[in-house]
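This report looks at how the interior of a protein is put together, and then at one pocket and one lysine.

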Amino acid sequence: MARILIADDDADIRQLVIYALADEGHEVSVAKNGQEAVDHMSQSPPDLLVLDIMMPEMDGYDVLRTLDERDIRGLTKILVLTAKGSEHDWKLGYDLGADRYMTKPFDPEELLTTVNDMLTSSNEELEAKREEEQDRANLLSQLESIFGDG
């Protein structure tokens with residue numbers, strides 16, 4: 001199966017994600033903050049990174065920026081899993097290189113389906129999906145700016 005890194009500062013979330021993914025046979029490792037995630041990615045890039053946004057020391061957006069700046073993402077696919085669910089946050093995640101974006105709370109079965117889909121998708125398929133999601137997020141952000149202030 002796949003090697004997966006979970007970067008989340010919440011121990012309960014980490015345990016839930018570990019349980020869901022390890023039960024499927026994936027090799028799962030953890031990072032408790034953004035800096036640990038970058039360090040792990042530098043040493044041994046996994047097949048998939050499950051990345052929280054709100055973390056101490058370095059948030060998920062900074063992790064994405066750092067992976068890009070240091071050119072250490074490699075072939076790692078990135079799933080953002082966060083409580084930040086606004087269109088702006090969603091768009092920023094995709095703009096910074098996330099392949100998929102899920103919000104907390106989440107259904108472990110949906111997480112597993114998303115992870116398995118990502119792992120079996122080609123980089124080209126993920127790029128096409130990212131572009132589609134960016135277009136959608138742009139439209140929603142524009143609508144939010146027009147109608148959001150009521």
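## Nonpolar cores

In this predicted model, the largest nonpolar core has 23 residues, of which Ala-7, Leu-49, Leu-51, Val-63 and Leu-67 touch the most other members. Two or more residues of this core come from each of strand S1 (3-7), helix H2 (34-43), strand S3 (48-51), helix H3 (60-69), strand S4 (77-82) and helix H4, and the largest share, four residues, is that of H3. Apart from this core lies another, of 17 residues, which includes Ile-13, Leu-21, Val-50 and Phe-106.

Leu-49 shows some of the packing in detail: with neighbours within four places in sequence left aside, Leu-49 is in contact with Leu-5, Ala-7, Met-41, Leu-67, Thr-76, Lys-77, Ile-78 and Leu-79.

## The largest pocket

The largest pocket has a volume of about 240 Å³ and a lining of 17 residues, with Trp-90, Tyr-101, Met-102, Thr-103 and Glu-110 lying nearest its centre. At least two lining residues are supplied by each of helix H4 (87-95), S5, H5 and helix H6 (123-147), and S5 gives the largest share, four residues. By residue class, the lining divides into eight nonpolar, four polar and five charged residues.

## Lys-104

Lys-104 is found in the loop between strand S5 (100-103) and helix H5 (108-120), and Lys-104 counts as buried because its relative accessibility is 18%, where the cut-off is under 20%. Its side chain is joined to that of Asp-8 by a polar contact of 2.7 Å. Not counting residues up to four places away in sequence, Lys-104 touches Asp-8, Ile-13, Asp-52, Leu-81, Thr-82 and Ala-83.

Definitions and conventions. Residues numbered from 1 in each chain as written. Predicted model: local features only at pLDDT ≥ 70, side-chain atom pairs only at ≥ 80, totals over all residues. Heavy atoms only, no water. Buried < 20%, exposed > 50% of the residue type's maximum accessible area, 1.4 Å probe, protein only. Polar contact = N/O pair within 3.5 Å; in protein donor to acceptor, adjacent residues only side chain to side chain. Contact = heavy atoms within 4.5 Å. 1 Å grid on protein atoms, 1.4 Å probe; cavity = no way out; pocket = protein on both sides within 12 Å on 5 of 7 lines; lining within 4 Å. Points joined across faces, edges and corners; volume = space filled by probe spheres on them. Nonpolar A, V, L, I, M, F, W, Y, C, P; charged D, E, K, R; others polar. Core = buried A, V, L, I, M, F, W, Y, C linked by side-chain atoms within 4.5 Å.
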